[in-house]
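Q: I would like a close look at one part of this model. Please focus on where the two protein chains meet, then work outward from there.
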Protein chains: 2
Amino acid sequence: MKNVNLNALRVFSVVATHGNLQRAAEELNLSRGAVSQRIKQLEIELGVVLLVRGARGVSLTPEGERCHAAMEDALAILDTAFVSIGEDSDRVTPRK
Amino acid sequence: MKNVNLNALRVFSVVATHGNLQRAAEELNLSRGAVSQRIKQLEIELGVVLLVRGARGVSLTPEGERCHAAMEDALAILDTAFVSIGEDSDRVTPRK
DNA sequence: ACCGATTACGAAACACGTAACGATG
DNA sequence: CATCGTTACGTGTTTCGTAATCGGT
């Protein structure tokens with residue numbers, strides 16, 4: 001796998017499900033700016049455009065769709081593992 | 001899913017496959033110290049001990065085993081996605 | 001004008017390497 | 001005493017929030 005920042009993928013995944021940076025930012029407890037920067041950097045690292053910036057939010061490119069679908073699956077698997085480890089499954093720990 | 005640093009999970013995954021921090025560090029182009037720190041932090045975040053520190057390397061706890069298995073699956077899925085995106089397989093696996 | 005995304009930039013958090021240390025065979 | 005893991009510490013890098021800005025409807 002490429003040397004891609006997995007955390008950025010998680011951010012992208014949330015953005016993809018919302019089709020909107022603002023909402024994604026809220027869910028992630030981040031600012032819009034931070035989310036935008038992260039997505040942009042991810043696209044640069046991958047060398048692929050994942051989002052189509054529209055006037056009224058964002059939509060996914062075909063590459064973005066594939067990436068999103070894969071992330072959902074991958075995160076689901078990891079989630080299962082954490083549950084079996086005995087974790088609270090959705091703990092949010094804001095950075096600040 | 002928990003707010004776990006996915007990059008730390010990747011490091012853990014490599015450590016798990018080698019049962020040895022030193023080798024994992026080499027493969028990841030990191031120092032032993034960095035790997036040790038990352039694993040430790042991951043364990044703290046998860047609230048679970050993943051590795052049993054032996055005198056001559058490390059072995060996995062049951063939780064560690066589950067975590068490792070899940071990571072392998074998850075990474076495989078993501079890998080597939082990146083291939084379908086048209087990646088130039090920039091994997092850190094130099095022919096060795 | 002409104003709404004949403006982007007960008008610049010200073011501040012904070014993070015991850016790293018080094019190196020000294022501890023433990024074990 | 002050689003090897004492997006840990007810890008402390010200083011430093012460079014990453015990521016963040018803020019706020020100004022751009023773009024479309």
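What share of the interface residues of chain B are also interface residues in chain A?

A: The share is 100%, so the copies meet through the same surface. This is a predicted model: local features need pLDDT of at least 70, side-chain atom pairs need 80 or more, and totals for chains, interfaces and linings use all residues. Residues are numbered from 1 along each chain as its sequence is written, while chains are lettered from A and ligands numbered from 1 in the order written.

Start with the contact itself. Chain B puts in 28 residues and chain A puts in 30 residues (contact means C-beta atoms, placed from the backbone, within 7 Å). On the side of chain B that touches chain A, α1 (6-18) and α4 (62-85) each supply at least two residues. Helices here are DSSP runs of H or I with at least four residues, strands are runs of E with at least two, and both are numbered from the N terminus. The largest share of this side comes from α4(B), with 15 residues. By class, this side of chain B has 14 nonpolar, 5 polar and 9 charged residues (Ala, Val, Leu, Ile, Met, Phe, Trp, Tyr, Cys and Pro are nonpolar; Asp, Glu, Lys and Arg are charged; the others, Gly among them, are polar).

Now for the symmetry. Chain B can be laid on chain A by a turn of 179° and a shift of 0.0 Å along the axis, with an RMSD of 0.2 Å (a least-squares fit on C-alpha atoms of residues with pLDDT of at least 70 in both). That is the relation of a two-fold axis. Which residue of chain B comes closest to the rotation axis? Ala74(B) does, with its C-alpha at 2.2 Å.

Next, move to the DNA. DNA strand D is surrounded by 24 residues (near means a C-beta atom, placed from the backbone, within 6 Å). The closest are Gly33(A), Ala34(A), Ala55(A), Leu21(B) and Gly33(B). Both chains take part: α3 (32-46) of chain A and α2, α3 and β2 of chain B each supply at least two residues of this surface. The most comes from α3(B), with 6 residues. The surface near strand D divides into 6 nonpolar, 12 polar and 6 charged residues.

DNA strand C has 25 residues around it. Gly33(A), Ser31(B), Gly33(B), Ala34(B) and Ala55(B) are the closest. Here α2 (21-28), α3 and β2 of chain A, plus α3 of chain B, each give at least two residues. The top contributor is α3(A), with 6 residues. By class, the surface near strand C has 6 nonpolar, 11 polar and 8 charged residues.

How do α2 and α3 of chain B sit together? Helix α2(B), residues 21-28, packs against helix α3(B), residues 32-46, at an angle of about 105°, with axes 8 Å apart. Axes are lines fitted to C-alpha atoms over the stretch in contact, and angles run from 0 to 180 degrees between N-to-C directions. That makes α2(B) roughly perpendicular to α3(B) (the range is 65 to 115 degrees). Leu21(B), Gln22(B), Ala24(B), Ala25(B) and Leu28(B) of α2(B) meet Arg32(B), Val35(B) and Ser36(B) of α3(B). This contact has 5 nonpolar, 2 polar and 1 charged residues.

Last come the strands. In chain B, β1 (residues 51-54) runs antiparallel to β2 (residues 57-60), and 4 bridges join them (pairing needs at least two DSSP bridges). A hairpin links β1(B) to β2(B) through 2 residues. Gly54(B) has Gly57(B) as its bridge partner. In chain A, β1 (residues 51-54) and β2 (residues 57-60) also pair in the antiparallel sense over 4 bridges. A hairpin of 2 residues joins them, and Arg53(A) is partnered by Val58(A) in β2(A).

Methods. Parallel < 35°, antiparallel > 145°, perpendicular 65-115°, else oblique. Contact = placed C-beta atoms within 7 Å.
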